[in-house]
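Hi,

Here's the structure I said I'd pass on. Have a look at it first, and my notes on what turned up are underneath.

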Number of protein chains: 2
Amino acid sequence: MRGAVLHAPGDIRVEERADPKIIQPTDALIRLSATCVCGSDLWPYRGIESIEDPTPMGHEYVGIVEEVGNEVEHIKPGQFVVGSFWASDNTCEICSSGYQSACVNRVLMGTIGTQAEYARIPLADGTLVPTPEVPSNDMLPNFLAASDVLGTGWFAAVAAEVGPGKTVAVVGDGAVGLLGVLSAKLLGAERIIAMSRHDPRQKLALEFGATDIVEERGEEGVAQIKEMTNGLGAHSAIEAVGTQESMMQAIRSTRPGGHVGFVGVNHDVQLSGDEMFMSLVHLHGGPAPVRRFLPEHIKLISDGTIQPGKVFDLTLPLDQVAEGYRAMDEGKAIKTLLELS
Amino acid sequence: MRGAVLHAPGDIRVEERADPKIIQPTDALIRLSATCVCGSDLWPYRGIESIEDPTPMGHEYVGIVEEVGNEVEHIKPGQFVVGSFWASDNTCEICSSGYQSACVNRVLMGTIGTQAEYARIPLADGTLVPTPEVPSNDMLPNFLAASDVLGTGWFAAVAAEVGPGKTVAVVGDGAVGLLGVLSAKLLGAERIIAMSRHDPRQKLALEFGATDIVEERGEEGVAQIKEMTNGLGAHSAIEAVGTQESMMQAIRSTRPGGHVGFVGVNHDVQLSGDEMFMSLVHLHGGPAPVRRFLPEHIKLISDGTIQPGKVFDLTLPLDQVAEGYRAMDEGKAIKTLLELS
C-alpha cells in the first residue's frame, strides 16, 4: 500500500509500505476514507522531536472495516468507523474512569502510521466507534476531525471546567484551539475569548462561537484578559499550543480557583511550583481521552449540530502529503486533509 | 506587649513590641488565647527564605476580641474568634467562589505576627469566625489548629477530590499531612495511606484514620503505592511538604485522571510540563482558603467530632518560643503550641 514516511526533518514522502495484517485477535483492519496532518506531526517534521529511522506518520483516521480478528465481537466488516489516536481496550479501570488515553493496554496509533491507505487498529472493540451509516463524502471532514482535534479541544474545555456563566480564554488558534472554542460554545460558556492574530482563524473562531478576539500575546495578552475580567482573570483557560509562553499565558490569564485545561503537546516546558502554588489555579491536561467523547461527537456531527470539519482548509491527495505538511509548517493552512481515492 | 521576633536564621526572641492599635475602621484587636509555630515558619528560621530586618513571626491565632473599628458590624468585643492566616473581606468575587486566600483585599497575617499577646486583625467581619461560646482551655488546641493546619490539610483533601471509594496517598507527616489524613477520613476516603517513617507520627496518623503506612520515600515510595493499587496509583494524593521530591512523589503516586492536592509551601520546585502532560493527573493547590472551611470546622470541633489539636505535642509559654522552634526544626516536635498567660 501507499503511505507517508518521514525520512528526516522536512523530508516526508509517500512510498510503498508493507500491507498491514491482523496480528492480534483483537485487531481490525480498515481501509481509510480520509486521513490528515496533525499539529503534533510538525514536531518531528521540524526536527524538534528526533527520529532515528524512517518513520510512518499519522494517527488520525476514519474508514471502512475490511477484516476483524477472531476475538473482535462488536466491530464488523463494512462499518464506517472513527477511532482515536490511542487504541484502548475501553474496559480497564482507567478507561472506565474516562481516561482511555492512559488505558493500561493502550497502543499509540502514531507508531502505526495512518497517513496510508490501510491501517491495523489494535483493540478494535474498545477503540473504534461505528457511525449510524456510511457517511457521504462531504461529511468525511467532520468525522475525521472527531478522531483527534475535536476530542482534544473538547477535553481541554472539559478539563478547564467550561460551563454556563463562565468566561474562557483560548490560547492557540490551530485546529485544536479553534475546536476548543466550538467546544466551549457547546458546553455553554458565556464569554469565549479567542487569542489569535490571524485573520482567517479569527473568522473561524467567531463562526465557532468566540465572543471576543485578543491579538496580544504573552504578558500583554494576559493584561488584556485581566482588563476584560475586572482584573480577576478568566474562569477557564484552554491551552492548545504546548510552549512555555502559551502555558504561562494560559495559567496567568486564569483567576485564583479557576481551571486551566492544557492539551498542546508540551515541549521543554517547566512550571514553577512556586508560581503554581500562588496562582491557585487548577491544572489538568495531557493526551486527550478522545474515545470518551466519540459517541457524543458522532451524534452531534450526524445530526448537523456541529461541523468541526471546517478546520480543514487544505485538501490534497495523499500523494501530495509533502505539500500538506509544508503548508501547515509555514502557517498557510490550519489543517490539511489527505484524500484517498 | 511581648511578641516573637526573628532576627536572623536560628535567632528567634520574645521581646517588647509596640502594642497594636485599630488602624482601619474594619480592623479588630484581639487578645490571643494561644498561638503556635507553623512548619512554614521554619523556612525563614532555617534561612531558606531570607529576611532583611528583624521580623515579627506567626500567623495562627485564636483569642478574645478586645476592640473593633467603626465599620465592623458582626464581630463584637468579648467574642472568642478563630481566623485564618489570610485576612479576607469574604465578599469579593474571589472570596465568594471559595478562594478567600486570594481575596482581592487580602492581608497576609504573617506580616502582622501573631506569636504575640495581641494582634490587629484586618477585615475583621470577613476574617474572623466566633465560636458559639468561649471555649474551655482544654479546647484551645483544637480551635487553634483550625486557624491554619486543619483548614490546610482539609483543602488539600478537597483539592485532591478525596471521597467515598477513593484511595488517597498522603505525602508528609507534619501537622498538615496528619490533618490531611483526618480530613480524608471525614470526607469518606476508603483507604488512606500515610507516608511516614516516624513512629509517633505513624501512631497519630493511624488514630486520625490512616489505613496503611508506607515508610519508603521517593521512587521507592511511589513503587509501593503502585503495588498497593494494582499498578495504577492512588486516586488522590495530598502533598504537604513543598519540596521537589515530595511533589514528584505525590504526582507519580497518582493514577491518570486522579487528583493531586498540594499545600506544602513550594520552594524551588520545578514541574516538567512534559511529565505533567503524560501523567494526566489533576493538580490543584496553594495557600489554603481556610476561611471557607472555618464555620464547618468550628462546628465539628465544638461537637467533639474531631480533635485536630492532637497535632500539638509540645506546649510552651510564649517566652520559650526559641525552644519551640528548635524542637520543630530538629523534628523533635510535630507542632508547638505557645501559651499566653
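**What I found**

Let's start in the middle of things: in chain A, β15 (residues 254-262) and β17 (residues 282-285) run parallel to each other, paired over 4 bridges. If you want a spot to click on, Gly261(A) has His284(A) in β17(A) as its bridge partner. Bear in mind throughout that this is a predicted model.

That pair belongs to something that spans both chains. Which strands make up the sheet, and in what order? It is an open sheet of 12 strands, reading β13(A)-β12(A)-β11(A)-β14(A)-β15(A)-β17(A)-β17(B)-β15(B)-β14(B)-β11(B)-β12(B)-β13(B), with mixed pairing. At the edges are β13 (212-214) of chain A and β13 (212-214) of chain B; each has a single partner strand, so one side of each has no neighbour in the sheet. On average, neighbouring strands here are turned by 20 degrees against each other, ignoring direction.

As for how the two chains relate: a turn of 180 degrees with a shift of 0.0 Å along the axis lays chain B on chain A, at an RMSD of 0.0 Å. That is what a two-fold axis does. The copies also meet through the same surface, because 100% of the interface residues of chain B are interface residues in chain A too.

There's a second sheet to look at, this one within chain A. Three strands form it, in the order β2-β1-β4, and it is open with antiparallel pairing. β2 (11-16) and β4 (55-56) are its edge strands, each pairing on one side only. Strand β1 (residues 2-8) and β4(A) are joined over 2 bridges in the antiparallel sense, and in β4(A) it is Thr55(A) that serves as the bridge partner of Leu6(A). Helix α12 (residues 321-329) of chain A lies across β1 and β2 of that chain, at about 155 degrees to β2(A).

Some overall numbers for chain A, in case you need them for setup:

- Secondary structure comes to 12 helices and 19 strands.
- The radius of gyration is 19 Å, which agrees with the value near 20 Å for a compact globule of 341 residues.
- Along the principal axes, the C-alpha atoms fill a box of roughly 60 × 40 × 40 Å.
- Of the 341 residues, 57% count as buried.
- Among contacts with a separation of 6 or more, 69% are between residues 24 or more positions apart.

Cheers

Conventions: Residues are numbered from 1 along each chain as its sequence is written. Chains are lettered from A and ligands numbered from 1 in the order in which they are written. This is a predicted model: local features need pLDDT of at least 70, side-chain atom pairs count only at pLDDT 80 or more; totals for chains, interfaces and linings use all residues. The radius of gyration is taken over C-alpha atoms; the globule rule is 2.2 Å times the number of residues to the power 0.38. A residue is buried if 20 or more other C-beta atoms lie within 10 Å of its own, exposed if 12 or fewer, and partly exposed in between; C-beta atoms are placed from the backbone. Two residues are in contact if their C-beta atoms, placed from the backbone, lie within 7 Å. Copies are superposed by least squares on the C-alpha atoms of residues with pLDDT of at least 70 in both. Two strands pair if DSSP finds at least two bridges between them. Axes are lines fitted to C-alpha atoms, for helices over the stretch in contact, and angles run from 0 to 180 degrees between N-to-C directions.
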